[in-house]
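Student: I am new to this protein and would like a quick tour. Can we go through it by question and answer?

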Amino acid sequence: MKRVENVLREHRYQRSHIIQILQDIQVEFNYLPKEALEYVSQRLKIPLSKIYSIATFYAGFSLNPRGKHLCTVCMGTACYVRGAAAILNEFERKLNIKPGATTKEMNYSLETVNCLGCCAIGPIVVYDGKYIGEFKLKDIGRILKGRA
Ligand code: FES
């Protein structure tokens, strides 16, 4: 748990930094491993149930291993009426996974979200944190070849 200890040290073991600590752990592991949360709970003397309630409240945290790349398709109403369902179907077909899953080789995770707050430029896909508005089906191939 040296990597988790380093994160805690960077935050000077401040319990009030718990959200930033979880964010940094997620950056470190690409998700929040159970062992890491248990370690944080013990070191900061925060009940594990409280840590889990934070980790499950924020959509940005993942308790499951994620792939190297994260594709999030907005399925909110505005994006949906502009073709988000077809975009999601195509990602599912090309990656051979359903939303919430990760490809076997751990390269891609696919997720959905209900509105990102920028409906005017929908449909929107977020790829590794980058918002791509007015997304077109043909953009999928470009993304998956690393040219987004
Ligand atoms: S519905 Fe997609 S950003 Fe609002």
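Here are some questions on the overall fold and the charged side chains.

Student: How many helices and strands does the protein have?

Tutor: This is a predicted model. From the N terminus on, its elements run α-α-α-α-β-α-α-β-β-β-α. The secondary structure comes to 7 helices and 4 strands.

Student: What share of the residues is buried?

Tutor: Buried here means under 20% relative accessible area. The protein has 148 residues, and the buried ones make up 39%.

Student: How far apart are the mean positions of the positive and negative charges?

Tutor: The protein has 22 positive and 13 negative charges. The mean positions of these two sets are separated by 1 Å.

Student: How many salt bridges does a search of the whole structure find?

Tutor: Side chains of opposite charge can pair when their charged atoms come close. The cut-off for a salt bridge is a side-chain nitrogen of Lys or Arg within 4 Å of a carboxyl oxygen of Asp or Glu. Searching the whole structure gives 8.

Student: Glu5 forms a salt bridge with Arg43; how many residues apart in sequence are the parts that the pair ties together?

Tutor: The closest N and O atoms of Glu5 and Arg43 are 2.9 Å apart. Glu5 lies in helix H1 and Arg43 in helix H3, so the pair ties together parts whose separation in sequence is 38 residues.

Student: Is Glu5 buried or exposed?

Tutor: The cut-off for buried is under 20% relative accessible area. Glu5 has 11%, so Glu5 is buried. Its partner Arg43 has 40%, which counts as partly exposed. For Glu5, then, the answer is buried.

Student: Which helix holds both Glu38 and Lys34?

Tutor: Glu38 and Lys34 form a salt bridge, with the closest N and O atoms 3.6 Å apart. Glu38 is partly exposed at 29% relative accessibility, and Lys34 is partly exposed at 49%. The two are 4 residues apart, about one turn of the helix, and both lie in helix H3.

Student: Which residue of the pair Asp139 and Arg142 counts as buried?

Tutor: These two form a salt bridge, with the closest N and O atoms 3.3 Å apart. Asp139 and Arg142 are 3 residues apart in helix H7, so about one helical turn separates them. Arg142 counts as partly exposed, at 33% relative accessibility. The buried one, at 10%, is Asp139.

Student: Which residues do salt bridges that share partners join into one network?

Tutor: A network arises here from salt bridges with partners in common. Its members are Glu90, Arg93 and Lys94.

Technical notes: Residues are numbered from 1 along each chain as its sequence is written. This is a predicted model: local features need pLDDT of at least 70, side-chain atom pairs count only at pLDDT 80 or more; totals for chains, interfaces and linings use all residues. Side-chain values use heavy atoms; hydrogens and water are left out. Buried means under 20% relative accessible area, exposed over 50%, partly exposed in between (1.4 Å probe, protein chains only). Lys and Arg count as positive and Asp and Glu as negative; His and the chain ends are not counted. The place of a charge is taken as NZ of Lys, CZ of Arg, CG of Asp or CD of Glu.
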